[in-house]
Amino acid sequence: MAPWFRMDGGAYAPNTAAPVVEVTFVNDSAFFVVDHNASAALNRVSQVVNVIVCAFRMFGLCVNFKKGQTEVLLALRGDGVTQAKTDLCNRSFGPTQACPGHLSLPVDIAGSGITHVVVVDEYEHLGTFVC
C-alpha cells in the first residue's frame with residue numbers, strides 16, 4: 001500500500017489515518033464564455049470545449065459528452081443573434097426550415113475528431129440550477 005503524502009512533502013505511514021482536506025470535484029465544473037458577437041460566441045464555445053478536453057486529458061480525465069453530463073447552456077444576445085441561432089440549428093441538423101429537436105454544438109476535439117455537446121435551457125451544477 002502506498003503512503004499518503006502530506007502537503008509539506010512528508011508521508012504518513014501505510015494504514016494510518018490521514019487528515020481529510022477540501023476537495024474540488026473536477027467532474028462538476030462550470031466554465032463561462034462571453035463574446036460581443038453571438039455568431040462568434042458559438043465558435044468560441046467550441047474552442048473552449050476543445051481546450052477543456054485537452055487539459056483534462058493531461059490529467060488522465062475523460063470528458064463524458066452524454067446528455068446530462070457535459071452540456072452547454074447558451075444565452076445568445078447582441079449582434080448576430082438571429083444568424084447565430086440559425087447557424088446552431090444548421091450545425092445540429094443541417095440546413096432546415098425549423099429546428100426539429102434538441103440542439104447540439106459540434107466540437108472538433110484535437111486528436112479525436114468531431115463530437116457533439118448537447119445544448120440545454122437549464123443545467124444543474126452542484127445541485128444548483130442555472131437558467
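Trainee: Let's start with Val49. Which residues is Val49 in contact with, leaving aside its neighbours within four places in sequence?

Mentor: Keep in mind that we're looking at a predicted model. To read contacts, skip the close sequence neighbours and look at what is left. For Val49, that leaves Phe65, Val107, Ile109 and Val117.

Trainee: And which residues touch the most other members in the largest nonpolar core?

Mentor: Val49 and Phe65 do, out of the 19 residues in that core. Helix 1, helix 2, strand 2 (104-109) and strand 3 each supply at least two residues of it. Helix 1 gives the most, with 8 residues.

Trainee: Can we zoom out for a moment? How many helices and strands are there in the protein?

Mentor: There are 2 helices and 5 strands. Going along the sequence, you can write the pattern as α-β-α-β-β-β-β.

Trainee: What share of the residues counts as buried?

Mentor: Of the 131 residues, 24% count as buried. There's another overall number to look at, on contacts between residues at least 6 apart in sequence: 51% of them join residues at least 24 apart.

Trainee: Back to helix 1, then. Is Ser46 buried or exposed?

Mentor: Here you compare a relative accessible area with a cut-off, and buried means under 20%. Ser46 has 12%, so Ser46 is buried. Its place is in helix 1. Leaving out residues up to four places away in sequence, Ser46 touches Arg91, Leu105, Pro106 and Val107.

Trainee: Asn50 is found in helix 1 too. What does Asn50 touch, not counting residues up to four places away in sequence?

Mentor: Asn50 touches Val107, Asp108, Ile109 and Ala110. With a relative accessible area of 18%, Asn50 is buried. So Val107 turns up in the contact lists of Ser46, Asn50 and Val49.

Trainee: What about a residue in a loop? Where is Val63 found?

Mentor: Val63 sits in the loop between helix 1 (residues 38-58) and strand 1 (71-73). A loop residue can be checked in just the same way. Val63 has 17% relative accessibility, so it counts as buried. Beyond residues up to four places away in sequence, Val63 touches Val53, Phe56 and Thr70.

Trainee: How do I compare spacing along the chain with spacing in 3D?

Mentor: Pick two residues and look at their C-alpha atoms. Val63 and Val49 are 14 residues apart along the chain, and their C-alpha atoms are separated by 9.8 Å. Helix 2 gives you two pairs to practise on. Cys89 lies in helix 2, and its C-alpha atom is separated by 9.2 Å from that of His102, 13 residues apart along the chain. Asn90 is in helix 2 as well, and the C-alpha atoms of Asn90 and Leu103, 13 residues apart along the chain, are separated by 9.4 Å.

Trainee: Is Cys89 buried or exposed?

Mentor: Buried, because its relative accessible area is 5%. Asn90 comes out as partly exposed, because its relative accessibility is 29%.

Trainee: Since we're on cysteines, how many disulfides does the structure hold?

Mentor: The structure holds 0 disulfides. You can still read each cysteine by accessibility. Cys54 is partly exposed, with a relative accessible area of 26%. Cys62 is exposed, at 74%.

Trainee: One more feature: how do I read a pocket?

Mentor: The general idea goes like this: if you roll a probe the size of a water molecule over the atoms, you see where empty space is left. Take the second largest pocket here, with a volume of about 390 Å³. Its lining is made of 17 residues, and Leu74, Leu103, Val119, Val120 and Asp121 lie nearest its centre. The elements that give two or more residues to that lining are helix 2 (81-93) and strand 3 (113-120).

Trainee: Which element gives the most to that lining?

Mentor: Helix 2, with 3 residues.

Trainee: And how do the lining residues of the second largest pocket divide into nonpolar, polar and charged?

Mentor: The lining has 9 nonpolar, 2 polar and 6 charged residues. Now try finding Leu103 in the structure: it is one of the residues nearest the centre of the second largest pocket, and you've already met it as the partner of Asn90 in a C-alpha separation.

Terms used
Residues numbered from 1 in each chain as written. Predicted model: local features only at pLDDT ≥ 70, side-chain atom pairs only at ≥ 80, totals over all residues. Heavy atoms only, no water. 1 Å grid on protein atoms, 1.4 Å probe; cavity = no way out; pocket = protein on both sides within 12 Å on 5 of 7 lines; lining within 4 Å. Points joined across faces, edges and corners; volume = space filled by probe spheres on them. Helix = DSSP H or I, 4+ residues; strand = E, 2+ residues; numbered from the N terminus. Nonpolar A, V, L, I, M, F, W, Y, C, P; charged D, E, K, R; others polar. Buried < 20%, exposed > 50% of the residue type's maximum accessible area, 1.4 Å probe, protein only. Disulfide = S-S within 2.5 Å. Contact = heavy atoms within 4.5 Å. Core = buried A, V, L, I, M, F, W, Y, C linked by side-chain atoms within 4.5 Å.
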